[in-house]
Amino acid sequence: MRRRARNEFAEQWRTRINVREGNQIRDRLAKWTETVQEQITDVSPEMPDGITDRPADVWEPLIAIADAAGGNWPRRAARRNTEEHMSPRNPNMESSVYKGSDGWWHGRVTMGVKDDGSPDRHHRRARTEAEVRRKVRDLEKLRDKERAPKAGRKPTVEQWMTTYLTDITSPKLKPRSLDDHWSKTRNDIVPGVGQHRPDKLQSEHLERMYRAMLGAGHAPSHIVKVRRILSRALKIAHRRRRAGENVVTLVDPPSIDETETNPFTQEEIKAFLEAAAKRPTFICWIVGVGTGLRQGETLGLRWPYVDLKAELFHPKWQLQRLTWRHGCADAHACGERLHRFEPCPPDCATHRNHKRGCPKPCTATCVKHASICPDRKGGGLVFTRPKTKKSTNPVPIPPAFTPHLLAHKTQQDELREAAGELRQEHHTVFTRPDGRPIDRRLYDGSRHTAGTILNELGVDMPTIMEILRHTQISQTRRYVKGRSHLSKDAMRRMGDHLMPASEPAPEPATETRTETADRRAARAQRPHRIHQKQKPQVTASES
């Protein structure tokens, strides 16, 4: 006896009908057993290979009865014996397909073992057996390639991006980079493909999203940044078996046009510094433009990291303004006063001068507006570490800057003594009168200007890369812009080499000349030389 398999069906038992049929079969078997009783008593039939112990005790009388019955019963008994005991179940890692009582065909594929030791079996179903077997084969191929998705309900792209930014990448990214990732996820990725599942995302979905972003006026460089964020998230989803593959790699991003930069010329930078010399923050401008420091690095310079004797800046910190985060328990209720769920009217005058137009309405579960939270944290002006390790390399101070820095430090000491306890000390090089750091954006092209002027002064590209602290020289070349007068000078020399200029024609002779001393000496010697040439030779016979 055995249990009914999932793909087997048994008719319902009816006493009125089935009892009479069962009694007839019982009587026939009893009469036949009496005729073969002596034949099967104390008989040891030949058992198939591998049937031992308890299975042999069960199947020995059954095989003896089949031999006594004759016909095809011995062959049927041997085949059934092999099916039941030599292979009582499917081998390990073999899939099963059956038709359920709900009318659907079901397939179960063993993918491995779960963390708790139980088998990890994935389920597929379809209306027909052929369709469910195709799904089972596809899942087995993914399993053999170690690319099978993880069991359980698959998250959407929106849910996975939330998990990725909250739990996976937040400890690794800088605060400003993390804010940028969240912004591009909310404004571009979620509206574009947020409701798709990572394992169902197709290349056509991404192509339509890129096209919609271009139609909305986004720059190709912005789309490339969105693509990098989504690609990194799906790469980790594929690694954790949440997706079969990273479909972002199948779609080419739009081509990026190089941004045209217009750094100052040497004459323009001199005029700029002359105008800045009239302001109290003159030294701040000259350090930012003259050394190529980033804006946050210039504003975040502190005196313990300025070595005037060795003439070196050590940019170990930078000053950044970060977004506030809620510190309360209910962020949605905390920002209720600033929630705005209705869009602005077409003739909105409140946001008329905003660069990006009217802001989007708040969502139903909005947790923004942390600036009014009484327990806000992590925002405002903050000293943070630079983005890369090479950004902390020391920057040489031009010797001409040293006297100005010493004078600036002396003036700052006088202001510190005058302010007394009212001064907020942060040891920053460039501060407000009360000691607070300067929250001001410098000229954005300072690094481009520094790189371009160094190139004009004849400094080679690897040296410029070290001064600007780039990790790749290709990035430095994007910061350095070739000047037109350098190109003209190079082409002039090329023309002179290929087509040299002809020698100047001699001056025409004139009747009146100013005789110089050299010409008088040459004229005095001319008759003498002629005389020597005309002097006759005296031979020996004549003498």
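**Exercise 1.** At what angle do helix α7 and helix α8 pack, and how far apart are their axes?

*Solution.* The model examined here is predicted. Begin with the two elements: helix α7 covers residues 203-215, and helix α8 covers residues 220-239. Their packing angle is about 145°, and their axes lie 10 Å apart. Next, consider the handedness: the crossing of α7 past α8 is right-handed. Then list the residues in contact. From α7 these are L206, M209, Y210, M213 and L214, while α8 supplies P220, H222, I223, V226, R227 and L230. Finally, sort the contact by class: nine residues are nonpolar, one is polar and one is charged.

**Exercise 2.** Identify the residues that make the nonpolar surface patch of about 310 Å², and state which helix gives the most to the patch.

*Solution.* The patch is made by W32, V58, L62 and I65. Assign the residues to helices: W32 lies in helix α1, which spans residues 15-40. Helix α2, residues 53-69, gives the most, with three residues.

**Exercise 3.** Determine how many salt bridges the whole structure contains, and explain the spacing of the pair E129 and R133.

*Solution.* The search of the whole structure yields 13 salt bridges. Recall the principle: side chains of opposite charge can pair when their charged atoms come close. E129 and R133 form a salt bridge in which the closest N and O atoms are 3.0 Å apart, within the 4 Å cut-off. Both residues belong to helix α4 (residues 129-144); because they are four residues apart there, about one helical turn separates them.

Notes: Residues numbered from 1 in each chain as written. Predicted model: local features only at pLDDT ≥ 70, side-chain atom pairs only at ≥ 80, totals over all residues. Heavy atoms only, no water. Axes fitted to C-alpha atoms, helices over the stretch in contact; angles between N-to-C directions. Left-handed = near helix turned anticlockwise from the far one by under 90°. Contact = heavy atoms within 4.5 Å. Nonpolar A, V, L, I, M, F, W, Y, C, P; charged D, E, K, R; others polar. Patch = residues over 30% accessible without salt bridge, like charges linked within 9 Å, V, L, I, M, F, W, Y side chains within 5 Å. Areas by Shrake-Rupley, 256 points an atom, 1.4 Å probe, with all protein chains shown as cover. Salt bridge = Lys/Arg side-chain N within 4 Å of Asp/Glu carboxyl O.
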